[in-house]
Amino acid sequence: MRRALSLILATLLASTATHAQEYISTPGALSDDDFYRAVSCAAPPGGDCAKPLVKWPTDRPLRISLRQIAPVYLGGRAKRADAALERAIQRINAANANIRLLRVDETAPAADIEIYFLDLEKGATITGTGITGVDDTRLGGASSRVFFDRNDDTTGKIKHAVIVFSTSMQKRAYESAMLEEVTQSLGLMTDIRSPHYEKTSVFSQDSNAATRLGTQDKMALRRHYPQ
């Protein structure tokens with residue numbers, strides 16, 4: 001998406017986080033196999049994975065919470081943010097993948113995916129979440145952190161994800177950006193740079209036009225979490 005995204009994979013067994021490749025470039029449409037490999041492990045068409053495959057356990061719904069909305073967002077932007085999260089949950093749950101999201105209150109003691117709208121501009125150093133691996137890192141327009149236990153060299157189990165929005169994100173982009181960030185927090189963490197996907201996929205690197213999961217977006221979710 002158009003926001004200088006800062007997306008990080010962090011292994012809980014490591015002392016530092018590592019930067020993840022942000023997007024794969026392609027001139028046109030990808031096959032389903034290439035699309036899935038691109039968004040799930042940053043593999044270029046016909047190439048090898050640049051990231052491990054990471055997935056959440058599927059034995060229960062994932063708890064997702066809008067933890068904090070800074071006072072600067074109160075009013076129309078806060079309402080738009082709340083509505084964007086509700087729609088993202090609905091659309092992901094309707095994708096027929098073996099993964100379910102359950103929204104919990106911001107005061108709930110535990111949430112798997114936590115979302116923050118902070119009073120910080122893009123490029124600022126994140127502060128205020130109290131989460132190691134999130135605070136003291138650079139904020140994009142919207143930034144995600146996915147923490148996982150590494151099972152081997154190619155796979156891992158996600159333990160926690162955090163999404164942070166900046167004041168630089170335009171209100172009209174909330175719905176598309178929220179859907180993409182939440183989808184990526186499920187382990188599909190790489191965008192695609194291609195004019196073909198600018199209106200048809202939430203994984204478009206250069207557009208915030210898609211507010212619904214595209215056909216291949218849903219396919220990728222179902223492959224990542226098969227029934």
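# Tour of the predicted model, starting at F147

Select F147 and H160: F147 stands opposite H160, a residue of strand β9. Before moving on, note that this is a predicted model, in which local features need pLDDT of at least 70, side-chain atom pairs count only at pLDDT 80 or more, and totals for chains, interfaces and linings use all residues. Residues are numbered from 1 along each chain as its sequence is written, and side-chain values use heavy atoms, with hydrogens and water left out.

**Stop 1: the β8-β9 hairpin**

F147 belongs to strand β8. Helices and strands here are DSSP runs numbered from the N terminus (helices: H or I, at least four residues; strands: E, at least two). Colour residues 142-150 for β8 and residues 155-165 for β9. The two strands pair in the antiparallel sense over nine bridges; pairing requires that DSSP finds at least two bridges between the strands. Four residues lie between β8 and β9, and the two strands form a hairpin.

Is F147 buried or exposed? With a relative accessible area of 8%, F147 is buried. The classes are buried (under 20% relative accessible area), exposed (over 50%) and partly exposed (in between), with a 1.4 Å probe and protein chains only. Seven of the nine residues of β8 are buried, so the strand is largely enclosed by the rest of the structure. As background for viewing strands, side chains in a regular strand alternate between the two faces of the sheet.

Now add V54 to the selection. V54 and F147 are 93 residues apart along the chain, and their C-alpha atoms are separated by 9.4 Å.

**Stop 2: helix α1 and the disulfide**

Select residues 32-41, which make up helix α1; its buried residues are F35, Y36, A38, V39, S40 and C41. What covers these buried residues includes β3 (23-25), β4 (53-55), β10 (191-193) and α4 (215-224). Contact means heavy atoms within 4.5 Å. After α1 comes A42, which has a positive phi, near 60°.

Where does C41 lead? C41 is joined to C49 by a disulfide, with an S to S distance of 2.1 Å; the cut-off for a disulfide is a pair of cysteine sulfur atoms within 2.5 Å. A search of the whole structure finds one disulfide. The torsion about the S-S bond of C41 and C49 is about -60°, so the disulfide is left-handed. C41 counts as buried at 2% relative accessibility, whereas C49, at 38%, counts as partly exposed.

**Stop 3: helices α4 and α3**

From α1, go to α4, where the buried residues are Q216, D217, M219, A220, L221 and H224. These buried residues pack against α1, β4, α2 (76-93) and α3 (174-184).

Next select E180 in helix α3. E180 is buried, with a relative accessible area of 0%. Add N208: the C-alpha atoms of E180 and N208 are 9.3 Å apart, and the two residues are 28 apart in sequence.

**Stop 4: the nonpolar cores**

Which residues have the most contacts inside the largest nonpolar core? They are I115, V182 and L186, in a core of 54 residues. A nonpolar core is a set of buried Ala, Val, Leu, Ile, Met, Phe, Trp, Tyr and Cys residues joined through side-chain atoms within 4.5 Å. The elements giving two or more residues to this largest core are α1, β5 (62-69), α2, β7 (113-117), β8, β9, α3 and α4. The most comes from α2, with six residues.

Centre on V182. Not counting residues up to four places away in sequence, V182 touches I64, L85, A88, I92, L101, I115 and I163. There is also a second, separate core of ten residues, which includes I126, V134, L139 and V162.

**Stop 5: the whole chain**

Zoom out and show the protein chain as a cartoon. The chain has four helices and ten strands, in the sequence pattern β-β-β-α-β-β-α-β-β-β-β-α-β-α. Its radius of gyration is 16 Å, close to the 17 Å that the globule rule gives for 227 residues, so the chain is as compact as a globular protein of that length. That radius is taken over C-alpha atoms, and the globule rule is 2.2 Å times the number of residues to the power 0.38. Along its principal axes the C-alpha trace spans about 45 × 35 × 30 Å.

Of the 227 residues, 54% count as buried. Among contacts between residues at least 6 apart in sequence, 68% join residues at least 24 apart.
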